[in-house]
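User: Could you take a close look at the place where the ligand sits and walk me through what surrounds it? I'd love one connected account that I can follow with the model open beside me.

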Amino acid sequence: MSEGELELPWRLSYFVEPGYLLPVIMGEDNLKNTMQKFEVRDDDVFLVTYPKAGTNWTCEIIDAIQHVDNLEVLKTRSLIEKTPLMELGPSIHPEIIAEGVADVPSILEAIHAPSPSPRKLPTHLLPKFLPPQLFTKKPKTIFVDRNPKDCIVSLFGWHESTRFLARVEWDHFFDAYLKGLTEYGPYPEFIKAWYPYKDEPWFLWTRYEELKKDPKGSIKKIAEFLGKNLTEEQLNEIVRITGFEYMKKANENVKGREFILRPEGVWQRKGVVGGWKGWFTVAQNEAFEKQYNERMKEYGLEHLKYKF
Ligand code: A3P
């Protein structure tokens, strides 16, 4: 399968440039124009993740830290306000309309530009697609890494759940990943693009697995990075309301759920480490590791490799 032969189930995705596939819901105009002119504020908090690395979870944590004195406000947010991906919208793609999603605004214009500070700005994009001011103003930026095998399985599950992507068979999806034909491209390329910022003072590089292992310690670290000293009570409350089960329950009736999810779709799927083992065949695992090991070595990123 090559780019030219793309067909179902990729009808809801497009190449914004050769080799870089995005869901059509991530509007091309947003990327090429609005994003490039977007005004970054010094107190913005950017959140950078490969798809399915825990974006919603970390966004909720950032929101809770930013609004620790009024946590009730989190309950009023719609699903899109909870995780307002910068690249979302505008999309008038006929297939999206066929899915019943009539009008997706530019999130940058509809949510971010008019939002009061401090803002949270999540994205899965490569640095070159983001506002140039991010790299001159250097606001606090949190990067969440996750075992790429778990990300791939989770992204596969997301194709099932969201109306913004088309359903796909696992084997088909897995092959497409290896060929660089899944949304946001292959994982090693993403890590390579962001690695140059890893040790800069405005950048916090963390992992989904660390958050899972020690939520309290990780949330404390994120809060301190954002310049907030939380009390023990505040910390415990943020751990509680950002826990998997709590978020799953809270999001069952959240505003705007039907806009993003199919009726049977799930937002909080499993939330575990190592779930890929139930999906990868032995042959798929070998093929994955071969490519992963070769690319991470070629890019000088072996020290960032996951031990599976
Ligand atoms: P799984 O599909 O493996 O369950 P993203 O927000 O980047 O799309 O990532 C989605 C993944 O984060 C899903 O992984 C989801 O279940 C998991 N997740 C969401 N909220 C979580 C939480 N509070 N704790 C742990 N994992 C969470």
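**The ligand site and its surroundings**

Analyst: Let's start at K52, which is found in the loop between β3 (45-49) and α2. Please keep in mind that this is a predicted model. K52 is not a glycine, yet its phi is positive, at about 75 degrees. K52 also leads us to the site you asked about: together with T55, N56, S154 and W267, K52 is among the residues nearest the centre of the largest pocket.

That pocket is where the ligand belongs, since the space taken by the ligand is the largest pocket. The pocket holds about 930 Å³ of space, and 49 residues line it. Two or more lining residues come from each of α2, α7 (148-161), α10 (208-213), α11 (215-225) and α13. The largest share belongs to α7, which gives 7 residues to the lining. Sorted by class, the lining of this pocket has 28 nonpolar, 14 polar and 7 charged residues.

Now let's move in to the ligand itself. Around the ligand are 17 residues, and T55, N56, S154, R269 and K270 come nearest. T55, N56 and S154 are thus named twice, once for the ligand and once for the centre of the pocket. Two helices, α2 (55-66) and α13 (244-250), each supply at least two residues of the shell around the ligand. The biggest contribution to this shell is from α2, with 3 residues. For the wider lining of the pocket, by contrast, the leading element is α7. By class, the shell around the ligand is made of 5 nonpolar, 8 polar and 4 charged residues.

Which atoms of the protein pair with polar atoms of the ligand? At S154, an N or O atom of the side chain is 2.5 Å from an oxygen atom of the ligand. G54 takes part through its backbone, with a polar atom 3.1 Å from an oxygen atom of the ligand. F244 also uses a polar backbone atom, which lies 3.5 Å from a nitrogen atom of the ligand. As for cover, the ligand taken alone exposes 570 Å², and the protein buries 97% of that.

There is one more space to look at. Rolling a probe the size of a water molecule over the atoms shows where empty space is left. Across the whole structure, a search finds 1 cavity of 30 Å³ or more, and about 30 Å³ of space lies in this largest cavity. Its lining is N56, E60, L79, K82, T83, M247, N251 and W267, with α2 and α3 (79-82) each giving two or more of these residues. By class they are 3 nonpolar, 3 polar and 2 charged. N56 and W267 tie the two spaces together: they line the cavity and are also among the residues nearest the centre of the largest pocket.

Finally, two backbone details in other loops may catch your eye. G89 and P90 are joined by a cis peptide bond with omega about -15 degrees, and P90 is found in the loop between α3 and α4 (94-98). Another cis peptide bond, with omega about 0 degrees, joins S117 and P118; P118 is found in the loop between α5 (107-112) and β4 (120-123).

Definitions and conventions: Residues are numbered from 1 along each chain as its sequence is written. This is a predicted model: local features need pLDDT of at least 70, side-chain atom pairs count only at pLDDT 80 or more; totals for chains, interfaces and linings use all residues. Side-chain values use heavy atoms; hydrogens and water are left out. A residue is near a molecule or strand if one of its heavy atoms lies within 4 Å of it. A polar contact is a pair of N or O atoms within 3.5 Å; within protein, one must be able to donate a hydrogen and the other to accept it, and residues adjacent in sequence count only if both atoms are side-chain atoms. Accessible areas come from the Shrake-Rupley method with a 1.4 Å probe; for residues, only the protein chains shown count as cover. On a 1 Å grid over the protein atoms alone, a cavity is a set of points where a 1.4 Å probe fits but cannot get out, and a pocket is an open set with protein on both sides within 12 Å along at least five of seven lines; lining residues have an atom within 4 Å of a point. A molecule sits in a cavity or pocket if more than half of its atoms lie within 2 Å of its grid points. Helices (H or I, at least four residues) and strands (E, at least two) are DSSP runs, numbered from the N terminus. Ala, Val, Leu, Ile, Met, Phe, Trp, Tyr, Cys and Pro count as nonpolar, Asp, Glu, Lys and Arg as charged, and the others, Gly among them, as polar. Grid points are joined across faces, edges and corners, and a volume is the space filled by probe spheres set on the points.
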